[in-house]
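Colleague: I would like a close look at one part of this protein, the place where two of its helices pack against each other. Please describe that part and then set it in the rest of the chain.

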Amino acid sequence: MSAKTPLEGTELVDCARANAKQGSETAAELCGYGNDLNRFKQAVKQACEHMGVQFNELTDLTKDDSSLVEVEGEIVAPDSAGQL
């Protein structure tokens, strides 16, 4: 079911990710952008930048890779669950 109005933010990224394997045209339509692929791609890129996710093309969203998220700083975590 396509969105009645163009999605934005995390909703747009989630919808684009869920429909990326079906192609850009289908993803744009289902995310509420109709045939305007340029506007769709720009909106997804902007939403991804805001979330700290690297985005160059729609297939980037289908990768299950933690390296897509840019993390700044040092990650601090316990060595085991018992040290929580």
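Modeller: What follows goes from the overall fold to the helix contact, and then to single residues.

The model is predicted. It has 3 helices and 0 strands, and along the sequence the pattern reads α-α-α. The protein has 84 residues, of which 30% count as buried. About 6,200 Å² of the protein is exposed, and 45% of that area comes from carbon and sulfur atoms. Among the contacts with a separation of 6 or more, 46% are between residues 24 or more positions apart.

The part you asked about is the packing of helix 1 on helix 3. Their axes lie 9 Å apart and make an angle of about 115 degrees. The crossing of these two helices is left-handed. From helix 1, the contact takes in G9, T10, L12, V13 and A16; from helix 3, it takes in F40, A43, V44, A47, C48 and M51. By residue type, the contact of helix 1 with helix 3 consists of 9 nonpolar residues and 2 polar ones, with no charged residue.

A43 gives a closer view of that contact. This residue belongs to helix 3, which covers residues 37-51. A43 has a relative accessible area of 17%, under the 20% cut-off, so it counts as buried. If residues up to four places away in sequence are not counted, A43 touches L12 and Y33. L12 is one of the helix 1 residues in the contact. A43 and L12 are 31 residues apart along the chain, yet their C-alpha atoms are separated by 8.1 Å.

Y33, the other residue touched by A43, leads on to the aromatic side chains. The count of aromatic pairs in the protein is 1. It joins Y33 and F40, whose ring centres are 5.7 Å apart; the planes stand at 55 degrees, so the pair is classed as tilted. Y33 and F40 are both buried. F40 is also one of the helix 3 residues in the contact with helix 1.

Back in helix 1, which covers residues 9-19, there is also N19. Its relative accessibility is 11%, and N19 therefore counts as buried. Apart from neighbours within four places in sequence, N19 is in contact with A27 and L30.

To put the part together: helix 1 and helix 3 meet in a left-handed crossing, A43 of helix 3 touches L12 and Y33, and Y33 forms a tilted pair with F40.

Conventions
Residues numbered from 1 in each chain as written. Predicted model: local features only at pLDDT ≥ 70, side-chain atom pairs only at ≥ 80, totals over all residues. Heavy atoms only, no water. Helix = DSSP H or I, 4+ residues; strand = E, 2+ residues; numbered from the N terminus. Buried < 20%, exposed > 50% of the residue type's maximum accessible area, 1.4 Å probe, protein only. Contact = heavy atoms within 4.5 Å. Areas by Shrake-Rupley, 256 points an atom, 1.4 Å probe, with all protein chains shown as cover. Phe/Tyr/Trp six-rings, centres within 6.5 Å; stacked < 30°, edge-to-face > 60°. Axes fitted to C-alpha atoms, helices over the stretch in contact; angles between N-to-C directions. Left-handed = near helix turned anticlockwise from the far one by under 90°. Nonpolar A, V, L, I, M, F, W, Y, C, P; charged D, E, K, R; others polar.
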